[in-house]
There are 4 protein chains.
Amino acid sequence: MSQTYDPRRTAVLLVDPYNDFLSDGGKIWPRLKPVAQEVGLLEHLRSVIASARETGVQVMFVPHRRWEQGDYETWDHPNPTQRAIMERHSFARGTWGGEFHPDFRPRPGEVVVQEHWAQSGFANTDLDFQLKQHGITHVVLVGLLANTCIESTGRYAMELGYHVTLVRDATAAFVPEMMHAAHELNGPTYAHAITTTGELTAAFKGAHA
Amino acid sequence: MSQTYDPRRTAVLLVDPYNDFLSDGGKIWPRLKPVAQEVGLLEHLRSVIASARETGVQVMFVPHRRWEQGDYETWDHPNPTQRAIMERHSFARGTWGGEFHPDFRPRPGEVVVQEHWAQSGFANTDLDFQLKQHGITHVVLVGLLANTCIESTGRYAMELGYHVTLVRDATAAFVPEMMHAAHELNGPTYAHAITTTGELTAAFKGAHA
Amino acid sequence: MSQTYDPRRTAVLLVDPYNDFLSDGGKIWPRLKPVAQEVGLLEHLRSVIASARETGVQVMFVPHRRWEQGDYETWDHPNPTQRAIMERHSFARGTWGGEFHPDFRPRPGEVVVQEHWAQSGFANTDLDFQLKQHGITHVVLVGLLANTCIESTGRYAMELGYHVTLVRDATAAFVPEMMHAAHELNGPTYAHAITTTGELTAAFKGAHA
Amino acid sequence: MSQTYDPRRTAVLLVDPYNDFLSDGGKIWPRLKPVAQEVGLLEHLRSVIASARETGVQVMFVPHRRWEQGDYETWDHPNPTQRAIMERHSFARGTWGGEFHPDFRPRPGEVVVQEHWAQSGFANTDLDFQLKQHGITHVVLVGLLANTCIESTGRYAMELGYHVTLVRDATAAFVPEMMHAAHELNGPTYAHAITTTGELTAAFKGAHA
């Protein structure tokens, strides 16, 4: 990969690293697990985050709304995912499932943006503003799910003027064809780079050296 | 006032009703107090909120960021107000000053939108989204300050396509000429109606009757 | 389909109905043609637009940026599609390819929103504002391409608080698996309804009757 | 002024430099003329633009909607300024009044953003996107009017994360107290710098040297 990253201008956006998504016993982990294990998701997320921190690339946490009692009940038209969350209480606030996985917790000074209600980490949050106040022009998206929150956050990032990198093996989805759609069908139309953890961390290191 | 309000389409946006702004002992109350008492701010806020609740107009809370340790310190260029907040810790989270005034607390089912970092209740928050999911097309702005958060929220609301009403005596500012600027110089260029608490509550009642 | 549409609150968003996309001789038509013919794209677009106009549903035109000399040349990072457009000059302003297909031209009073630079008809345009000023809460997306501009416009519409309907046979894509991704993998996560032209026009008629 | 400007990161936003605003014979010039002459508006605009071009600071044109027949007629609630424009046809497309003043015309490669419907050059346009694609983090606002389009564009710029500079004598308003409100009452709450043409052009030159 010829893509390079200026660490002062780059942020890794870690999307929805909740126990419910990433940990044994999490509500949604069983649906992800086959693809996650196939791509080596946890290992690669650890590698991307460690590499970013070592090389001075900023890490920002982009969390989904933690479910609370009453959520969506007064809304005119919650979307299908939100209607499902009303049943299964994903990422419930105050519960273990709604905590970040122990390996993916913010360090002092790392930005945790406001929670997003749906798929895009930019929509109805302060993510664009925080990126600007931290001098970021290039975003690298990792976390979950490849074809929902990661893809919508990436599509928004491109529309907002950011340079967007997807990482094939630092995300997952419910079925392999969703990964294929995200990285082979849709990603190539909007993302500036689609890479792997190995290539990305080498590029971070190269920029840093 | 000939303006009418369909209660199913109207929301009162109550901006920043914190003890620090509205209560004896609040950090900023002394600076507001002369104008607030001159216009009858507290009495009129109570009247607007009570009237909205009685007539089925929705009340939404639009809170400023509650100050936390570390706020703004990593930002490239906090604005002058944010730099002042770094000194005086306005609306500090977990303190009495950062609680809503006891007369202005959300009831079950009332929407509290995400905290805004600066002046506009729409910027970097879910306010526009919440208004849409609740069917709102007309917003009535009350709270503080007339020429900062109320004005920026109103300017944004107009740009976003909402019908905007300002209420002269249900807001305040540090000096009378700021009130004059908000209601006589700038408001008439963007707001669809500029009214008083008496006229507004009569209109709410009329629509409801 | 049980979904109903209030014609005063519904708009059909017709995305990118250019000769380059839809007409024999258009620059991109050959890549679309197999899927377009398979689903009956042109016939169904005609049917949706005619039905909307008959039943009082608003039609809004959501056009892609017409290419002009110099486009993207000073940008820091055009996306892959924009880099392709720099080569092939899709929808060039002042040319036949950049005109709307003769069957899909705005009538007096129909809104033509500002041109979008990338995929989402909302991004960097007045679409959200125009929808609000016309009282629209429900949008129906037709036009091109299913997995790029239609999908990004739909994802944005949901995030902005609109009710979103996709129409399987009033859109097209370069290959069938992109249609599958749009309507079977991704659409069901964010869209409130995924329907067909036949069901949609029946629902329009029902609401109108 | 201690403020410095990196020319690669700074843009001068020239707002609404129409003949109707700036030229003898323009529809709105008579209302501006006293304040404009008092501050030396035309001379200072020329000086700011010339200095930016000499020192490599980008100039972007931020134009108001040029009035067209039918404008606002189908809208639910045009704002008071838009209702006035329906009468007086300010900046009418295809007329001299809707052309840029001859001294303020874009040079090849300078960005002209989409027209704004109301006051903020960011609202419903591609201004934020264009700034990002050109690497801009600092904006300097000049043009008209101080308390409407300049102020709303400045308030938006701050909320969007930009560093904002106002220039007291490179703008104007209908009456002096509107200038006072813009620069003494409101500007100091949101703008990062409030300066004069002389100080600004010295800072541009200093950064360039």
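This is a short dialogue on reading cavities, interfaces and single residues in a predicted model.

Me: How many cavities of 30 Å³ or more does the count give?

Reply: Rolling a probe the size of a water molecule over the atoms shows where empty space is left. In this predicted model, the count comes to 4 cavities of 30 Å³ or more. The largest cavity holds about 940 Å³ of space.

Me: Which residues lie closest to the centre of the largest cavity?

Reply: There are 34 lining residues, and the closest to the centre are L160(A), L160(B), Y156(C), L160(C) and L160(D). Helix α6 (149-159) gives two or more residues to the lining from chain A, from chain B, from chain C and from chain D. Helix α5 (127-133) of chain B and α5 (127-133) of chain C also give two or more.

Me: What is the make-up of that lining by class?

Reply: The lining of the largest cavity has 18 nonpolar residues, with 8 polar and 8 charged ones.

Me: Now the interfaces. What area is buried between chain A and chain C?

Reply: The size of an interface is often given as the accessible area lost when the parts come together. For chain A and chain C that area is about 2,800 Å², with 48% of it from carbon and sulfur atoms. In chain A, the residues that lose the most area to chain C are H77(A), R155(A) and E159(A), which together make up 23% of what that side buries. Each of the two chains, A and C, brings 36 residues to the contact.

Me: And what do chain B and chain A bury between them?

Reply: Chain B and chain A bury about 1,500 Å², and carbon and sulfur atoms account for 43% of it. On the chain B side, N124(B), F129(B) and Q133(B) supply 36% of the area buried against chain A, more than any other three residues. The contact involves 16 residues of chain B and 15 of chain A.

Me: Turning to single residues, is T189(B) buried or exposed?

Reply: A residue counts as buried under 20% relative accessible area. T189(B) is buried because its relative accessibility is 14%. T189(B) sits in helix α7 (residues 176-190) of chain B. Beyond residues up to four places away in sequence, T189(B) touches N79(D), P80(D), T81(D), Q119(D) and T148(D). The side chains of T189(B) and Q119(D) are joined by a polar contact of 2.9 Å.

Me: Where is R66(A) found, and what does its side chain reach?

Reply: R66(A) is in the loop between β2 (58-62) and α4 (80-88) of chain A. With a relative accessible area of 15%, R66(A) is buried. Its side chain reaches the backbone oxygen of G98(A) at 2.8 Å. Outside its neighbours within four places in sequence, the contacts of R66(A) include Y18(A), D71(A), R93(A) and E115(A).

Me: What does A52(B) contact?

Reply: A52(B) lies in helix α3 (residues 41-55) of chain B and is buried, at 0% relative accessibility. Leaving aside neighbours within four places, A52(B) is in contact with V12(B), V57(B), V59(B) and F204(B). A52(B) and T201(B) are 149 residues apart in sequence, yet 7.7 Å apart in space, C-alpha to C-alpha.

Me: Last, which residue caps the N-terminal end of helix α4 (residues 80-88) of chain C?

Reply: The cap is N79(C), with a side-chain oxygen 2.9 Å from the backbone nitrogen of T81(C). Just after α4(C), H89(C) takes a positive phi of about 60 degrees.

Note on methods:
Residues numbered from 1 in each chain as written. Chains lettered and ligands numbered in written order. Predicted model: local features only at pLDDT ≥ 70, side-chain atom pairs only at ≥ 80, totals over all residues. Heavy atoms only, no water. 1 Å grid on protein atoms, 1.4 Å probe; cavity = no way out; pocket = protein on both sides within 12 Å on 5 of 7 lines; lining within 4 Å. Points joined across faces, edges and corners; volume = space filled by probe spheres on them. Helix = DSSP H or I, 4+ residues; strand = E, 2+ residues; numbered from the N terminus. Nonpolar A, V, L, I, M, F, W, Y, C, P; charged D, E, K, R; others polar. Buried < 20%, exposed > 50% of the residue type's maximum accessible area, 1.4 Å probe, protein only. Polar contact = N/O pair within 3.5 Å; in protein donor to acceptor, adjacent residues only side chain to side chain. Contact = heavy atoms within 4.5 Å. Buried area = accessible area lost by both parts, 1.4 Å probe.
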